[in-house]
Amino acid sequence: MDPANSSVVTEFVLLGLAQSLGMQFFFFIFFSLFYMGIILGNLFIVFTVVLDSHLHSPMYILLANLSLIDLGLSSTTVPRTILDLFSNIRIIPFHSCMTQMFFIHVMGGVEMVLLIAMAYDRYIAICKPLHYLTIMSPRVCVLLVVAAWIIGMMHAVFQFVFVINLPFCGPNNVGSFYCDFPRLIKLACKDTYGLEFVVTANSGFISMGTFFFLIVSYIFILATVRQHSSKDLSKAFFTLSAHITVVVLFFAPCMFLYVWPFPTMSLDKFFAIVDFVVTPVLNPAIYTLRNREMKMAMRKLCRQVVNAREMT
Ligand SMILES: *[C@@H]1O[C@H](CO)[C@@H](O)[C@H](O)[C@H]1NC(C)=O
């Protein structure tokens with residue numbers, strides 16, 4: 001291909017989520033409320049875990065990390081989508097589009113590994129309780145978080161290097177409200193059949209594999225819990241069902257977005273909204289409202305804040 005002609009696309013056009021003014025207002029209220037909930041809920045979890053020394057166990061430290069990632073994941077798309085709602089032409093510069101795509105996959109990759117780490121933590125706590133403190137030491141916890149970041153980065157870079165070098169010369173309508181690999185590679189003026197396979201393999205099969213691995217692990221843990229009927233039985237069931245809910249909510253959209261070969265249906269926008277807006281706000285709710293220690297710590301934190309205010 002002629003190099004002068006190969007990179008004429010300097011900006012992409014995003015699709016508006018809503019056509020009518022009424023729908024624009026609806027989405028504006030919906031996204032704004034949820035995004036506020038995502039920021040407040042997740043920061044609240046992070047502060048509660050960091051400030052309360054009772055919660056400095058791997059389970060809560062991983063949860064606080066997950067909260068930060070949730071916040072990051074929705075921040076890659078939601079603020080821009082809110083700003084774009086009322087504009088008629090939604091232009092996104094080439095480099096912003098690439099950056100958005102890159103960070104979506106860094107955050108998504110880290111979240112995936114963190115969910116595995118949280119399942120592993122519960123597996124050790126429930127199936128090998130006597131060795132919990134030696135296996136899940138603070139050092140191992142740090143290693144798991146570092147591994148999550150390295151794998152997330154590798155996952156994103158691996159797809160990014162293919163797409164950044166593609167020639168974009170013609171159509172520049174992304175056809176969705178954010179930039180992502182499956183949509184973008186369809187815009188390249190080059191046969192991308194092999195690349196589509198790379199994306200499906202890297203994002204789709206990984207999320208599918210991780211999903212089934214996690215579900216099987218949780219079924220295994222639940223079966224173990226059932227055998228040892230202890231007084232912590234119902235507590236373990238509560239914790240595990242919270243984890244399973246989050247896993248299903250996070251992975252179902254991922255699998256649809258990357259494995260389903262026909263992304264042109266409007267259903268993919270609905271699934272993307274679930275992953276960027278609904279899951280990140282549900283995580284804090286699911287993990288905290290069902291967890292007594294977390295609720296106690298939050299109440300304590302609130303009391304301290306109120307007392308501090310009264311003193312000043
Ligand atoms: C995330 O995990 C690391 C490593 O275990 C920990 O040091 C850090 O405090 C965690 N982050 C939060 C916000 O809890």
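This section describes the disulfides, the remaining cysteines and a nonpolar surface patch of a predicted model.

Two disulfides were found in a search of the whole structure. Counted along the chain, the bonded cysteines pair in the pattern 1-3, 2-4.

One disulfide is formed by C97 and C179, with an S to S distance of 2.0 Å. This pair links distant parts of the chain, 82 residues apart. C97 belongs to helix 4 (residues 94-127). C179 sits in the loop between helix 6 (138-164) and helix 7 (181-184). The torsion about the S-S bond of C97 and C179 is about -110°, so this disulfide is left-handed. C97 has a relative accessible area of 0% and is therefore buried. C179 is also at 0% relative accessibility, so this cysteine counts as buried.

The other disulfide joins C169 to C189, whose sulfur atoms are 1.9 Å apart. C169 lies in the loop between helix 6 and helix 7. C189 lies in the loop between helix 7 and helix 8 (193-227). The bond therefore ties together parts that are 20 residues apart in sequence. C169 has a relative accessible area of 26% and is partly exposed. The value for C189 is 24%, so C189 too counts as partly exposed. Both values fall in the partly exposed class because buried means under 20% and exposed means over 50%.

C127 was examined for a possible partner. The closest cysteine sulfur to that of C127 belongs to C141. The two sulfur atoms are 19 Å apart, which is too far for a bond. A disulfide requires sulfur atoms within 2.5 Å. C127 has a relative accessibility of 22% and so counts as partly exposed. C302 is likewise partly exposed, because its relative accessibility is 38%.

The surface also carries a nonpolar patch of about 470 Å². L43, F47, V50, L51 and L68 make up this patch. Helix 1 (residues 21-51) gives the most to the patch, with four residues. L68 is placed in helix 2 (residues 58-75). At 43% relative accessibility, L68 counts as partly exposed. L68 can take part in a patch because patch residues need over 30% relative accessible area.

Notes. Residues are numbered from 1 along each chain as its sequence is written. This is a predicted model: local features need pLDDT of at least 70, side-chain atom pairs count only at pLDDT 80 or more; totals for chains, interfaces and linings use all residues. Side-chain values use heavy atoms; hydrogens and water are left out. Patches are made of residues with over 30% relative accessible area and no salt bridge: like charges are joined within 9 Å, nonpolar side chains (Val, Leu, Ile, Met, Phe, Trp, Tyr) within 5 Å. Accessible areas come from the Shrake-Rupley method with a 1.4 Å probe; for residues, only the protein chains shown count as cover. A salt bridge is a side-chain nitrogen of Lys or Arg within 4 Å of a carboxyl oxygen of Asp or Glu. Helices (H or I, at least four residues) and strands (E, at least two) are DSSP runs, numbered from the N terminus. Buried means under 20% relative accessible area, exposed over 50%, partly exposed in between (1.4 Å probe, protein chains only).
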